[in-house]
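Subject: Structure handover and findings

Dear colleague,

I am passing on the structure we spoke about, together with notes on what turned up in it. Please keep it open beside this message while you read.

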Amino acid sequence: MSQIFMTAAKRIFLIHATQVAIKPINFAFETSWPEAQLFDLWDDSLSRDAAVAGGTTPALDQRICDLADHAIRAEADAVLFTCSAFSSAIDACKQRHAVPVLKPNEAMVQEALASGYRIAALTTFAPAGAAIVGDFEAEAHRLGMSADVTPVFCDGAFAALQAGDQARHDALIAETARRLRNNYDVLCFAQFSMTSARTVSELLWGGRVLTTPDSAVQRLRHLLSD
């Protein structure tokens, strides 16, 4: 009699600093890797405190690391952060743990660098701008290449999303994409919460828009494949 071996579902812990990032990444997993077992850790005080401070602080970095430590104690096979404003803290987490710990945008950054030189990275949360540029510069340096990366802030979009007005959120991002048409080789969204605006943005941009959730899910699935 043949014996059937069942492979246990991978335990993926998703660490969120904003509630609006939860739905996009869960949807991306449902679409591209439904077998994964997902666990959401959400602390929205992180994004609020970062906004007040104008960026991350040592205390905020420690809180990020504490969340990653919790996920590892809960037997995570991998940890994915969904807020791009805490790049240095996530780097520290990556060094501390043997399992894959991914920045929200690292897979997308690599995909964007392979797609063109002039890159526009749209954000709706101001502190994310410096973080995404830093990630692009670090990855380009690691690859021994150069890239022209411009962070573009979509003013008012995040506030609209927090107020429950997703249509306005998407429209503001798409209008920004329209203004950038023909000026860049690559257009990408620097935040998980922006994914809902991709379809309309692609229409006005006139091409593909890279998003963090889709790139991250594909990378994790590859890293954890048996």
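A helix, as the word is used here, is a DSSP run of H or I that is at least four residues long, and helices are numbered from the N terminus. With that in mind, D69 can be placed in helix α3, which covers residues 58-73. Please remember throughout that this is a predicted model.

Is D69 buried or exposed? Buried means under 20% relative accessible area, and D69, with a relative accessibility of 13%, therefore counts as buried. Once neighbours within four places in sequence are left aside, the residues in contact with D69 are R96 and H97.

**The four-stranded sheet**

An open sheet is built from four strands in the order β2-β1-β3-β4, and the pairing is parallel. The edges of this sheet are taken by β2 and by β4 (101-102), each of which has a single partner strand, so that one side of each is left without a neighbour in the sheet.

Within this sheet, strand β1 (residues 11-16) runs parallel to strand β2 (residues 37-42), and the two are joined by six bridges. The path of the chain from β1 to β2 leads through helix α1 (residues 22-32), and this β-α-β crossover is right-handed. If you would like one pair of residues to look for, L14 stands opposite D40 in β2. Farther across the sheet, β3 and β4 also pair in the parallel sense, here over two bridges, and L80 has L102 in β4 as its bridge partner.

I15 is a useful residue from which to look around, as it is found in strand β1 and is buried, with a relative accessible area of 2%. When residues up to four places away in sequence are not counted, the residues that I15 touches include L41, L67, A68, V79 and L80. By contrast with these contacts, the C-alpha atoms of I15 and M108 are separated by 18 Å, and these two residues are 93 residues apart along the chain.

**The helix between β1 and β2**

Which residues of α1 are buried? They are I22, P24, I25, N26, A28 and F29. An α-helix has 3.6 residues a turn, so residues three or four places apart point the same way. The cover over the buried residues of α1 includes β1, β2, β3 (78-81) and α10 (212-223).

N26, which lies in helix α1, shows this in more detail, since its relative accessible area is 15% and it is buried. Apart from neighbours within four places in sequence, N26 is in contact with L14, L38 and D40, and you may recall that L14 and D40 stand opposite each other.

**The strands around β5**

Strand β5 (residues 118-123) is mostly covered, with five of its six residues buried. Six bridges connect β5 with strand β6 (residues 148-153), and these two strands run parallel. Between β5 and β6 the chain passes through helix α6 (residues 127-143), and this β-α-β crossover is right-handed. β5 is also joined to β7 by four bridges, again in a parallel arrangement. L122 can be found from both directions, because it stands opposite V152 in β6 and opposite F189 in β7.**Two loop residues and a surface patch**

Most residues other than glycine have a negative phi, and most peptide bonds are trans. Two residues deserve a look in this respect. E75 is not a glycine, yet it has a positive phi of about 65 degrees. E75 is found in the loop between α3 and β3, and with a relative accessible area of 58% it is exposed. N182, which is not a glycine either, has a positive phi of about 75 degrees. N182 lies in the loop between α8 (166-180) and β7 (186-189), and it is exposed, with a relative accessible area of 68%.

Lastly, V200, L203 and L204 make a nonpolar surface patch of about 250 Å². L204 lies in helix α9 (residues 198-205), and its relative accessibility of 30% means that it counts as partly exposed.

With best wishes

Technical notes. Residues numbered from 1 in each chain as written. Predicted model: local features only at pLDDT ≥ 70, side-chain atom pairs only at ≥ 80, totals over all residues. Heavy atoms only, no water. Patch = residues over 30% accessible without salt bridge, like charges linked within 9 Å, V, L, I, M, F, W, Y side chains within 5 Å. Areas by Shrake-Rupley, 256 points an atom, 1.4 Å probe, with all protein chains shown as cover. Salt bridge = Lys/Arg side-chain N within 4 Å of Asp/Glu carboxyl O. Buried < 20%, exposed > 50% of the residue type's maximum accessible area, 1.4 Å probe, protein only. Pairing = 2+ DSSP bridges. Right-handed = clockwise from strand over helix to strand, strands pointing away. Contact = heavy atoms within 4.5 Å.
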